[in-house]
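Thanks, everyone. I have one structure to walk through today, and I will keep it short. Please bring it up on your screens.

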Amino acid sequence: MQTGDTGTLCPDALDIPRILMLTERLYYNDSSLLEFDATVTAVEEQGDQALVSLDRSAFYPTSGGQDFDTGEIFGIANGSRVRVIDVQEQEQTGDIVHRIECPPGWLQAGVPVRGEVDASRRRDHMQQHSGQHLLSAAFEKLYNFPTVSFHMGDDYCSIDLATEKISSTQLESAERLANEVIAENRPVEIRFATLDEARLMGVRKIPPAVREKLRLIDIHDFDLNACGGTHVRSTGQIGAILLRKTEKVKQGVRVEFVCGLRAVSTARRDFQTLSDAAAAFSTQLWELPQQARKSLEEIKTAQKAQHRLLEEVAELQAASLLRAAEQHPSGSGQKLVVQFFAERDLNFIKMLAQKLIRLDSVVALVGCGGAQPSLVFGQTPGLPNDMGALMKETLQKLGTRGGGNRDMAQGGAPDADRAEHALSEAARTIG
Ligand SMILES: [Zn+2]
């Protein structure tokens, strides 16, 4: 599905005269009309697709934030039907163009067809778009937040409100008011008016460049707004409005929402997600936030405890390695410790190397396997070797990355075996 234009509101409400000359827009007067007869006025074939213009159409083209309809076109002469996969307004002429999937030569100008709009997609769009009018009116009535754009996506819709911030109480109040108007099942009517008439009628948002008459959507005693979209006949058909995430955007605050059957499927999905999470914690839904915070605290405490234990293990290990290490025969006084730990990680061998070089005059060459095989080379400051250079040389052979300075360096290895092998090679250069 293509996304709607977020920059404008309902622009084709402006163009009554143009429409009379081009495709007659059947949805203009009746949003519930889903089947219609028409004559093909133009066909442009594009491989296994074609762009088709009709003298009249109930298919809504993408505009004013609302997505296009899909459906089928039935060729009356050849007795077969094809899919309508996209409907757009031609930019220069304003004509409605239907993209269909069809074999070459399937349709010619002048032939009669029957159009059938996909009912569930249209109903969904009507619920979202009418819900948007209601929600925009609710925010304007309650808090004087004007709507500056509307977007209809695959999963959710959004409006951008011209305000710096919005509180959760404001969100809840606007949601409640909009749902009350839905429950009241107020009539929704299409009206036409000149610009002057529209101003007198108190239309919520008047488009900037009106040539002739405006098409108005009138939610009885609640909202009157210029719009070219398809709408429900009464507010009850919207079903429900559920507000979701809010987000600060350049032009104000973006409020995500879903209406009608989407509201139900979204609430169902949320409930399932929460239920799965609650089951993982063996708790009730409403205790989930508290339980999650508690678990995070426990994880932090356990991590601290684990760190302390590792320190102790490293301390003991360092002492025992030093006891076993032999004095270097060069007479420099340095001891050489070379050790590979198949199950430990980089964090541990770094800790160990640091302890070793503090305890005595030591060159410590240590490595680990684990998830990320690594090497750490360290020496007690003041000893004459260059750990950085030794590491660089080792990593060149391994083809991996790393680095360090004279006294401490680290790097990665492609696997545990090569890490262990590189360690003994490095030890030979010291020994
Ligand atoms: Zn609209």
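Start at S282, in the loop between helix 5 (260-281) and helix 6 (288-324). Look at its backbone. Phi of S282 is positive, about 50°, although the residue is not a glycine. Is S282 buried or exposed? Its relative accessible area is 69%, and exposed means over 50%, so S282 counts as exposed. Keep in mind that this is a predicted model.

Now a second residue with a positive phi. D221 is not a glycine either, and its phi is near 60°. Where does D221 sit? It is found in the loop between strand 12 (214-219) and strand 13 (223-226). D221 has a relative accessibility of 64%, so it also counts as exposed.

Next, S167. This serine lies in the loop that runs between strand 10 (157-161) and helix 3 (168-183). Its relative accessibility is 29%. Partly exposed covers the range between 20% and 50%, so that is the class of S167. Now find T246. S167 and T246 are 79 residues apart along the chain. Their C-alpha atoms are separated by 9.7 Å.

On to the whole chain. It has 9 helices and 20 strands. What is its radius of gyration? The value is 35 Å, whereas a compact globule of 431 residues would be near 22 Å. The extents of the C-alpha trace are about 105 × 55 × 40 Å along the principal axes.

How much of the chain is buried? Buried residues account for 47% of the 431. The exposed surface comes to about 21,500 Å², and carbon and sulfur atoms supply 50% of that. Now contacts. Take those between residues at least 6 apart in sequence: 63% of them join residues at least 24 apart.

Last stop, the largest pocket. It holds about 250 Å³ of space. How many residues line it? The lining has 15, and those nearest the centre are S32, H231, V232, R233 and Q237. Two elements to highlight are helix 2 (119-143) and strand 11 (188-193), as each gives at least two residues to the lining. By class, the lining has 5 nonpolar, 6 polar and 4 charged residues.

To recap the loops: S282 is exposed, D221 is exposed, and S167 is partly exposed. That is my tour. Questions, please.

Conventions
Residues numbered from 1 in each chain as written. Predicted model: local features only at pLDDT ≥ 70, side-chain atom pairs only at ≥ 80, totals over all residues. Heavy atoms only, no water. 1 Å grid on protein atoms, 1.4 Å probe; cavity = no way out; pocket = protein on both sides within 12 Å on 5 of 7 lines; lining within 4 Å. Points joined across faces, edges and corners; volume = space filled by probe spheres on them. Helix = DSSP H or I, 4+ residues; strand = E, 2+ residues; numbered from the N terminus. Nonpolar A, V, L, I, M, F, W, Y, C, P; charged D, E, K, R; others polar. Rg over C-alpha atoms; globule rule 2.2 N^0.38 Å. Buried < 20%, exposed > 50% of the residue type's maximum accessible area, 1.4 Å probe, protein only. Contact = heavy atoms within 4.5 Å. Areas by Shrake-Rupley, 256 points an atom, 1.4 Å probe, with all protein chains shown as cover.
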